[in-house]
Amino acid sequence: MPELPEVETIKRELEREIKGRTIIKVKNLDAKVSKDSPISLEKVKGRIREIKRRAKLLLIFVDSLVLVIHLKLTGQLLYQKKLQKDKSTRIVFYLNRGFLVFNDPRRFGFIKVFTEKQLKDYLQKVDYGIEPLSKKFTLDAFKKIIDNRETKIKQLLMDQSKIAGIGNVYSVESLFESRILPTRTAKSLNEKEITTLYKALRKILIKAIKYKGASVDTYLDLYGKKGKMVPFLKVYGREGKPCFRCKGKIKRIMLGGRGTYFCPSCQK
DNA sequence: CATACTGCCTGTATGC
DNA sequence: TGCATACAGGCAGTAT
Ligand SMILES: [Zn+2]
């Protein structure tokens, strides 16, 4: 599943590869992808001016419009010199040189087309929290988010309106690194644990970007390559396997309807 | 207000 | 081998 590091990887690759190029036409192979878009996909034409990321959203500024893309669970955004469609190909952007292809086997992802004003309103509506790699995300800011909340710490980390871009993988990984159980309430964390978690979160996100993300599902970068972060994951997807830190057995439980991995012996 | 639950989807894995 | 069923999960919408 693409989370912040995976989306950031694609954002950086898009910046290098397609910024400044031109969208000639759009082929829409699955109406569901853009069903909630106020402007039709076919209207997107012209120079690709800028690429941004907000939370797990990719923002591609084309002429006077903005493409807003969410990969959700299985979305892929690929750059191809020669068009290579497969059965999961939903949208194809024809560029002056090459193709930008949106694949999504499970069809959870979406693309919306906005004017800049509509984008502003949309971002206001979805109300994302702080970007964890921005300067605004200070230890004090994190303490304010933790506050006195009864919510389980893992669910708080994944709440996009509090901190933007953290999903299932990086929430459990940062909690393992900090030796904190995902089932703890936010308010139960002491000062030292909050500081440790704050540092772990940033450290892991930065490391994951360095390795171009973790391909735990169908994630691929812009060039169709898998991320190299999976070998560095300590708990995600390792149910029943020995903990790298204490040799305990990694456990998996359901928390808020999602698979949650942790080491019951060295996380407290 | 905050938090909890549900449905959307389809490829892959499992069971008979 | 083939068919049926379970499972995975981000997030918008709805319920508590
Ligand atoms: Zn352990």
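Which strand is Thr 260 found in? Select Thr 260 and read off strand 10, residues 258-262. The model on screen is a predicted one.

**Stop 1: Thr 260**

Keep Thr 260 selected and show its surroundings. Its relative accessible area is 0%, so Thr 260 is buried; the cut-off for that label is under 20%. Apart from neighbours within four places in sequence, the contacts of Thr 260 are Lys 154, Val 172, Pro 182, Lys 251, Arg 252, Ile 253 and Leu 255. Now add Lys 154, which lies 106 residues away along the chain. The C-alpha atoms of Thr 260 and Lys 154 are 8.7 Å apart, while their side chains make a polar contact at 2.8 Å.

**Stop 2: the eight-stranded sheet**

Switch to a cartoon view and select the open sheet of eight strands. Its order is 5-7-6-1-2-3-4-8, and the pairing is antiparallel. At the edges are strand 5 (76-80) and strand 8 (110-115), each of which pairs on one side only. On average, neighbouring strands in this sheet are turned by 30° against each other, direction ignored.

Next, pick helix 1 (residues 4-17), which packs on the sheet. Helix 1 touches strand 2 (46-54), strand 3 (57-62), strand 5 and strand 7 (99-103). The angle between the direction of helix 1 and that of strand 2 is about 155°.

Then pick helix 2 (residues 116-126). Helix 2 lies across strand 2, strand 3, strand 4 (65-70) and strand 8, and runs at about 125° to strand 8.

For one pairing inside the sheet, select strand 1 (residues 22-28) and strand 6 (residues 89-95). These two run antiparallel and are joined by five bridges. Label Ile 23 as well: its bridge partner in strand 6 is Leu 95.

**Stop 3: strand 5**

Is strand 5 largely enclosed or open? Five of its five residues are buried, so strand 5 is largely enclosed by the rest of the structure. Side chains in a regular strand alternate between the two faces of the sheet. In strand 5, Gln 76, Leu 78 and Gln 80 are on one side, Leu 77 and Tyr 79 are on the other, and both faces are covered.

Add strand 7 to the selection. Strand 5 pairs with strand 7 in the antiparallel sense over five bridges, and the bridge partner of Tyr 79 in strand 7 is Leu 100.

**Stop 4: the loop with Asp 63**

Move to the loop between strand 3 and strand 4, where Asp 63 is placed. Most residues other than glycine have a negative phi. Asp 63 is not a glycine, yet its phi is positive, about 50°. Asp 63 counts as partly exposed because its relative accessibility is 46%.

A second positive phi is found at Lys 247, with a value near 75°. Look for Lys 247 in the loop between helix 6 and strand 9 (251-255). With 67% relative accessibility, Lys 247 counts as exposed.

**Stop 5: Thr 196**

Select helix 6 (residues 191-210) and, within that helix, Thr 196. Thr 196 has 33% relative accessibility and therefore counts as partly exposed. Leu 175 is 21 residues from Thr 196 in sequence, with 9.3 Å between their C-alpha atoms.

**Stop 6: DNA strand B**

Display DNA strand B and the residues around it: Lys 32, Lys 87, Pro 105, Arg 106, Arg 107, Phe 108, Arg 149 and Thr 151. By class, this surface has five charged, two nonpolar and one polar residue. Of the atoms of DNA strand B within 4 Å of the protein, 70% belong to sugar or phosphate, and the rest belong to bases.

Two side chains are worth zooming in on. An N or O atom in the side chain of Arg 107 is 2.7 Å from a phosphate oxygen of DNA strand B. For the side chain of Thr 151, the corresponding distance to a phosphate oxygen is 3.0 Å.

**Stop 7: DNA strand C**

Finish with DNA strand C. Which residues come nearest to it? Of the 15 residues around DNA strand C, these are His 70, Leu 73, Arg 106, Arg 252 and Arg 258. The surface near DNA strand C divides into six nonpolar, four polar and five charged residues.

Arg 106 has a polar side-chain atom 2.4 Å from a base nitrogen of DNA strand C. At phosphate oxygens of DNA strand C, a polar side-chain atom of Asn 168 lies at 3.2 Å, and one of Arg 258 lies at 3.3 Å.

Conventions: Residues are numbered from 1 along each chain as its sequence is written. Chains are lettered from A and ligands numbered from 1 in the order in which they are written. This is a predicted model: local features need pLDDT of at least 70, side-chain atom pairs count only at pLDDT 80 or more; totals for chains, interfaces and linings use all residues. Side-chain values use heavy atoms; hydrogens and water are left out. Two strands pair if DSSP finds at least two bridges between them. Helices (H or I, at least four residues) and strands (E, at least two) are DSSP runs, numbered from the N terminus. Axes are lines fitted to C-alpha atoms, for helices over the stretch in contact, and angles run from 0 to 180 degrees between N-to-C directions. Contact means heavy atoms within 4.5 Å. Buried means under 20% relative accessible area, exposed over 50%, partly exposed in between (1.4 Å probe, protein chains only). A polar contact is a pair of N or O atoms within 3.5 Å; within protein, one must be able to donate a hydrogen and the other to accept it, and residues adjacent in sequence count only if both atoms are side-chain atoms. A residue is near a molecule or strand if one of its heavy atoms lies within 4 Å of it. Ala, Val, Leu, Ile, Met, Phe, Trp, Tyr, Cys and Pro count as nonpolar, Asp, Glu, Lys and Arg as charged, and the others, Gly among them, as polar.
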